[in-house]
Amino acid sequence: MALVETNRLPVRLIADRRIAGAMCGNELAWVRAGRFSDGRHREVAFMLWTTPSIGATAFIYRIDGHSFRQLAAFAGDRVVLGRGVVTVSFENRGRSRHGELEDVYHFDGKHYRLAKRR
């Protein structure tokens, strides 16, 4: 993953970070960029599908100046980001760790905490 400065030309790399080791069948999907944890900090989110049988993990990174800091990681089939809320849903109960279909997390100012499991 790389952060590229585009304000000044020529564009240049200002931060990079290894996401995970490569596996056969990995796919990376962009989720969104914005200020979705607390509304003040710039953040980016994406999903890494390791293999169809293992599933996906959504990563949220905060952009601190010229560096990335991992804010959270959520394993699930679908992740929806809202202001201070993350909803993780699963295709079926067998895909989730605890047999649930949906988890809801709330941001408490520093971390995302599990608020509801369904």
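**Aromatic contacts and selected residues in an all-strand model**

One aromatic cluster is formed by F46, F59, Y61 and F68. The structure in which this cluster occurs is a predicted model. In total, the count of aromatic pairs in the protein comes to seven. One pair involves F74 and Y112, whose ring centres are 5.5 Å apart and whose planes meet at 80 degrees; because planes over 60 degrees apart count as edge-to-face, the pair is assigned to that class. F74 belongs to strand β6 (residues 67–75) and Y112 to strand β10 (residues 112–117), so the pair ties together parts that are 38 residues apart in sequence. Both F74 and Y112 are buried.

The secondary structure of the protein consists of 10 strands and zero helices. Along the sequence this gives the pattern β-β-β-β-β-β-β-β-β-β. Taken along the principal axes, the box filled by the C-alpha atoms is roughly 50 × 35 × 15 Å. Of the 118 residues in the protein, 36% are buried. The accessible surface comes to about 7,400 Å², and carbon and sulfur atoms account for 51% of that surface. Where contacts between residues at least 6 apart in sequence are considered, 29% join residues at least 24 apart. The side chains include 20 positive and 12 negative ones, and the centres of these two sets are separated by 4 Å.

Towards the start of the chain, two sites were examined. P10 is located in the loop between β1 (2–5) and β2. The peptide bond that leads from L9 to P10 is cis, with omega near -5 degrees. By contrast, most peptide bonds are trans. A15 is placed in strand β2 (residues 12–16). With a relative accessible area of 9%, A15 falls under the 20% limit and is therefore buried. When neighbours within four places in sequence are left aside, the contacts of A15 are with M1, A2, L3, H66, S67 and F68. Among these contacts, F68 is also a member of the aromatic cluster with F46, F59 and Y61. H98 lies 83 residues from A15 in sequence, and the C-alpha atoms of A15 and H98 are 36 Å apart in space.

Two acidic residues were examined next. E100 is found in the loop between β8 (85–89) and β9 (102–107). Its relative accessibility is 4%, so E100 counts as buried. The side chain of E100 comes to 3.1 Å from the backbone nitrogen of H98. Apart from neighbours within four places in sequence, E100 is in contact with F90, N92, R93, R117 and R118.

D103 is part of strand β9. At a relative accessibility of 3%, D103 is likewise counted as buried. The side chains of D103 and R117 are joined by a polar contact of 3.3 Å. R117 is also among the residues in contact with E100. Not counting residues up to four places away in sequence, D103 touches V86, T87, V88, F90, L114, K116 and R117. F90 thus appears in the contacts of D103 and in those of E100. N7 is 96 residues from D103 along the chain, and the C-alpha atoms of N7 and D103 are separated by 39 Å.

The last residue considered is R118, in the segment after β10. R118 has a relative accessible area of 52% and is exposed, whereas its contact partner E100 is buried. Beyond neighbours within four places in sequence, R118 is in contact with R93, E100, L101 and E102. R93 is listed among the contacts of E100 as well. R97 is 21 residues from R118 in sequence, and the C-alpha atoms of R97 and R118 are 12 Å apart in space.

How values were computed. Residues numbered from 1 in each chain as written. Predicted model: local features only at pLDDT ≥ 70, side-chain atom pairs only at ≥ 80, totals over all residues. Heavy atoms only, no water. Helix = DSSP H or I, 4+ residues; strand = E, 2+ residues; numbered from the N terminus. Buried < 20%, exposed > 50% of the residue type's maximum accessible area, 1.4 Å probe, protein only. Contact = heavy atoms within 4.5 Å. Areas by Shrake-Rupley, 256 points an atom, 1.4 Å probe, with all protein chains shown as cover. Lys, Arg positive; Asp, Glu negative; His and termini not counted. Charge placed at Lys NZ, Arg CZ, Asp CG, Glu CD. Phe/Tyr/Trp six-rings, centres within 6.5 Å; stacked < 30°, edge-to-face > 60°. Polar contact = N/O pair within 3.5 Å; in protein donor to acceptor, adjacent residues only side chain to side chain.
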